[in-house]
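Let's look at how the words used for a protein model rest on its numbers. Each question below asks for the reasoning behind a label.

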Amino acid sequence: MDRRNFLLGTIGSAVALSGCQFEVFNQLKKQYPNVLMLIVDDLNDWIGPLGGHPNTKTPNIDRLARQGTVFSNAHAPAPLCGPSRASVMTGLAPATTGIYGHVKDIDIKRANPKAAESVFLSEYFRKHGYYTAAVGKVFHQGIAPNSFDEFGGRYKGFGPSPDERFKWHDKRTNTDWGAFPDDDEQMPDYDAAQWLAKQLGRNHNKPFFMAGGFLRPHAPWYVPQKWFDIHPLEDIVLPPFLPNDLDDVPDIAKAVSAHPMMPTTEWALENNEWKNIVQGYLASVSFVDSCVGIVLDALENSPYADNTAVVLWGDHGYSLGEKSKFAKMSLWERATRTPLIITPPKNKVSGDANNVVNQPVSLLDLYPTLIKICGLPENTQNQGVDISPLMRQPDLPWQHAAVTTYGPNNHAVKTSRYRYIKYADGSEELYDHEYDVNEWHNVAGDPRYYQIQQELIRHLPTDNAPWSQVSNYTGNPYFKALTENASSTQ
Ligand SMILES: [Ca+2]
Ligand SMILES: [Ca+2]
């Protein structure tokens with residue numbers, strides 16, 4: 001029996017309900033829908049519904065996908081945590097706020113005048129009568145001050161670590177891989193899931209907007225041994241890799257995506273570590289999927305099962321060896337494509353489960369979409385578009401493109417078929433996914449694509465805010481020099 005029928009069955013036997021229970025039910029019926037938002041750090045498309053890797057095991061995310069809509073062509077506003085999350089929560093693009101690099105949560109609204117005017121997504125729900133609660137990494141460090149009514153806290157780092165690293169010793173990055181610690185209960189993501197489960201078990205007298213930010217599969221790829229065991233090394237399939245793939249990209253593309261602290265694919269091959277890294281990432285994905293499952297189970301067993309929209313997203317993609325990288329932080333598909341699954345409240349919408357939308361959408365679209373689903377008034381500051389019509393009609397004609405920005409005036413435009421990238425120095429890349437899903441062959445400048453390229457250019461942002469001083473970035477030499485120059489001239 002599905003939940004809806006179960007609920008109707010329950011109403012039918014209302015005589016069996018106590019007066020108090022009936023009152024609770026009536027209140028729920030009148031309420032705006034609740035929202036449960038689950039954010040998974042550095043989760044690329046290696047989840048069942050996106051088919052990004054044949055070895056992935058994500059039974060809980062798979063079941064969520066079956067209940068709602070999977071956006072198979074969703075992209076992050078920026079290919080790293082801080083600016084992506086700041087963009088989702090403000091509803092403003094990085095090119096508008098100037099938040100291109102890492103940012104302290106407390107500084108987001110100090111980035112520039114447009115950022116100062118923004119109302120965080122959670123604040124918007126609170127202003128409209130919602131109780132707001134969060135746990136874990138929702139913004140970059142945790143949450144921005146006063147952005148939620150209640151905060152369950154965030155573990156300071158990325159979980160427990162062994163006394164000595166296993167494989168990768170560059171301390172400028174958390175990157176390392178191996179089985180650690182012994183039990184799920186030692187992981188902060190487990191605690192976050194339990195905190196959310198407890199919240200869902202409470203009696204709420206207002207509709208709620210609840211957010212949980214999980215840390216895995218962000219590096220280090222440390223999770224208990226059992227998650228490695230379900231991904232045996234001998235079965236691991238390596239991602240597609242073309243040696244010399246970067247020979248046909250502009251120098252600036254190599255400069256912005258250079259991260260000298262990270263392993264390269266050539267290193268991984270020489271040291272026979274590539275399969276181990278992939279195993280560590282897959283194990284981390286399966287672990288975090290189990291934490292998602294704890295929360296979904298709690299919701300299913302709560303009084304809110306039928307009146308809650310669930311949204312799950314990753315904050316950007318991740319390369320696991322493609323284009324010689326184990327990193328986010330580029331404008332290519334591997335770093336921009338991210339999971340986005342939305343399940344509407346079961347008692348509000350019917351007939352749109354198990355949908356797949358292939359039209360291009362951005363995480364920037366989440367803000368206007370969630371407030372639309374919940375029946376709240378439009379926030380005219382939002383730069384994203386309401387994508388809820390695609391949940392009802394996945395093949396709806398769609399004129400929008402998904403834009404990802406990395407540093408000032410470097411943008412990728414993704415449509416159903418193409419990825420067009422334009423950098424600050426005017427150089428370009430163009431990939432035709434009909435023939436080249438791996439983005440191996442840059443066809444920018446090919447006369448056969450001239451007209452297409454002109455059409456794609458129209459989607460480039462018109463804002464190109466200067467790099468905000470509250471946003472810093474030091475891991476990449478090109479951006480380090482750029483931000484230092486900007487500071488010295490301001
Ligand atoms: Ca991230
Ligand atoms: Ca290439």
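What follows is a set of questions and answers on this model, which is predicted.

Q: What makes the contact between aspartate 41 and lysine 137 a salt bridge?
A: Their closest N and O atoms are 2.6 Å apart. The cut-off is a side-chain nitrogen of Lys or Arg within 4 Å of a carboxyl oxygen of Asp or Glu, so the pair qualifies.

Q: Why can this pair be said to tie together parts of the chain?
A: Aspartate 41 lies in the loop between S1 and helix H3 (59-67), and lysine 137 in the loop between strand S5 (131-136) and strand S6 (150-151), so the pair joins parts that are 96 residues apart in sequence. Both aspartate 41 and lysine 137 are buried. They also belong to a network, joined by salt bridges that share partners, with Arg85 and Asp315.

Q: Why is aspartate 189 said to have no salt bridge?
A: The nearest side chain of opposite charge, arginine 216, is 5.4 Å away. A salt bridge needs the atoms to be within 4 Å, so this pair does not count. Aspartate 189, placed in helix H8 (residues 188-200), is nonetheless buried.

Q: What lies 2.7 Å from a polar atom of the side chain of aspartate 189?
A: That is the backbone nitrogen of leucine 215. Leucine 215 is also one of the residues in contact with aspartate 189, and the list includes Phe287 and Cys291.

Q: How do you know whether aspartate 245 is buried or exposed?
A: Its relative accessible area is 5%. Buried means under 20%, so aspartate 245 is buried.

Q: Why is aspartate 248 called partly exposed?
A: Aspartate 248 has a relative accessible area of 31%. Partly exposed covers values between the buried limit of 20% and the exposed limit of 50%, so the label fits aspartate 248.

Q: Which residues supply the protein donors of the calcium ion (ligand 2)?
A: They are Asp245, Asp248 and Trp440, with donor atoms lying 2.2 to 3.1 Å from the ion. The cut-off for Ca is 3.2 Å, so these atoms count as donors. Along the chain their spacing is D-x2-D-x191-W.

Q: Why is helix H4 (residues 81-90) described as largely enclosed?
A: 10 of the 10 residues of H4 are buried, so the rest of the structure largely encloses this helix. Its cover includes strand S1 (34-40), helix H7 (121-127) and helix H14 (366-373).

Terms used: Residues are numbered from 1 along each chain as its sequence is written. Chains are lettered from A and ligands numbered from 1 in the order in which they are written. This is a predicted model: local features need pLDDT of at least 70, side-chain atom pairs count only at pLDDT 80 or more; totals for chains, interfaces and linings use all residues. Side-chain values use heavy atoms; hydrogens and water are left out. Helices (H or I, at least four residues) and strands (E, at least two) are DSSP runs, numbered from the N terminus. Buried means under 20% relative accessible area, exposed over 50%, partly exposed in between (1.4 Å probe, protein chains only). Lys and Arg count as positive and Asp and Glu as negative; His and the chain ends are not counted. A polar contact is a pair of N or O atoms within 3.5 Å; within protein, one must be able to donate a hydrogen and the other to accept it, and residues adjacent in sequence count only if both atoms are side-chain atoms. Contact means heavy atoms within 4.5 Å. Donors are N, O and S atoms within 2.8 Å of the metal (3.2 Å for Na, K and Ca); water is not among the atoms, so sites may look incomplete. Lists of a residue's contacts leave out its neighbours within four places in sequence.
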